[in-house]
Amino acid sequence: MNVLLIEDEELAVFRLTELLSEVAPQVKIVQTTPSVEASVAYLQTAPELDLIFMDIELADGQSFEIFDQTTVSAPIIFTTSYDEYAIKAFKVNSIDYLLKPIKQQELAASLEKYGQLNRRPQVKSVPVVAIDALIQQLRQQTQPTDYRRRFLVRHLSQWLPIDVADIAYFHYEDRVTLLRTLSGQKYSLDYKLEELEDMLDPSLFFRVNRQFLISVHSVQQIHSYFHHKLKLVLKPVPTDEVLVSRERATDFRKWMGK
C-alpha cells in the first residue's frame, strides 16, 4: 500500500510512521511533504497512491489549498488537532480523521475503514465527492468570521452606537424588530431576526423561537415546561413569555452548556 504523508511536524511524522509500521506493516510511505507547495508539486507528478494522511495546518497554509491547485484522487485520512465538534463534517462525508496525538487503536480503526471502502466497487467515486463538501464546510469552520461588534440605533434626533456585548436580546413586537440592552433600554432596528442571526456570533446568541433572539448573558433561569418546552427568565424581563420550542430545546441546552 503506497502512502503519502502530508505533515509539517517532524515529531508527528516520526510518530505516525512508527504507528503505521506496527499496525500495518504492508504500508509503504513513498513520500512525506511538509507544505502546500511541496504537496502540490509532488501530486502533479501523478504518483500511484493508495492513501494519503493529510494534516490540516501546514507550514505555508491550510491543506485545503492543495485541492485548488491540483487533482487529488486518492482517499484521505485527515490528521488534526481540532476537537470532535469542529470536525463533525469528516464522518458525515465518509472520510475519516485522526485526532492528535494519534492513538494506535484509532489508527487501526481508520485503516480498517479504508479497507472496507476500498473493497467496494464504487469506492473510487467517494473521495472526490466527499472532499468537495468537506473543504467547503471546514473552510467555514477554520476561517475567522467577522461578526457584528456594534449596532447604530436611532434615538430621538441622534444616533447611538450599541456594543453587542451590551445587548440582552432582539425580539419582534408589533411587527417591529426591537433591540433590548442588558440595562433595559429599547431601540428599534431595520433588520429581521433572520438577518441578525447571520450577523451575530452563534456562541453568544441563540434563536429560541420566532419572536426572540437572545444573548447568553440575558438568561437568568431555565424551567421545564409543558410538552418538553423550556421557559426562560431573562434580564431585563420582557413583556411576553419566552419559551424555547420542543424542537430547539436540546440545541438550546447544548448551547448554554458550552
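Visitor: How far apart are the end C-alpha atoms of helix H5, and what span should its 15 residues have?
Guide: Happy to start there, with the reminder that this is a predicted model. Helix H5 covers residues 104–118, and at 1.5 Å a residue its 15 residues should span 21 Å. The end C-alpha atoms agree with that expectation, lying apart by 21 Å.

Visitor: Within what arc do the buried residues of H5 fall, seen down its axis?
Guide: The buried residues of H5 are Leu-107, Ser-110, Leu-111, Tyr-114, Gly-115 and Leu-117. They line one face of the helix, because the view down the axis places them within an arc of 165°.

Visitor: Which elements do those buried residues of H5 pack against?
Guide: Contact here means heavy atoms within 4.5 Å. By that criterion, the buried residues of H5 pack against one helix, H1 (10–23), and against strands S3 (51–55), S6 (76–80) and S7 (97–99).

Visitor: Let's turn to the sheet of S15, S16 and S17: which strands are at its edges?
Guide: This open sheet has 3 strands in the order S15-S16-S17, with antiparallel pairing, and its twist averages 30° from one strand to the next. An edge strand pairs on one side only, which is the case for S15 (219–224) and S17 (242–244).

Visitor: Which residue of S17 is the bridge partner of Leu-230?
Guide: Strand S16, residues 230–234, pairs with S17 in the antiparallel sense over 3 bridges. In S17, the partner of Leu-230 is Val-244.

Visitor: Over which residues is the pLDDT below 50?
Guide: The chain averages a pLDDT of 85, and 84% of the residues score at least 70. One stretch with 7 contacts beyond near neighbours in sequence has a pLDDT below 50: residues 123–129.

Technical notes
Residues are numbered from 1 along each chain as its sequence is written. This is a predicted model: local features need pLDDT of at least 70, side-chain atom pairs count only at pLDDT 80 or more; totals for chains, interfaces and linings use all residues. Side-chain values use heavy atoms; hydrogens and water are left out. Two strands pair if DSSP finds at least two bridges between them. Helices (H or I, at least four residues) and strands (E, at least two) are DSSP runs, numbered from the N terminus. Axes are lines fitted to C-alpha atoms, for helices over the stretch in contact, and angles run from 0 to 180 degrees between N-to-C directions. The expected span of a helix is 1.5 Å times one less than its number of residues. Buried means under 20% relative accessible area, exposed over 50%, partly exposed in between (1.4 Å probe, protein chains only). The arc is that of the directions from the helix axis to the C-beta atoms. pLDDT is the predictor's confidence in each residue, from 0 to 100.
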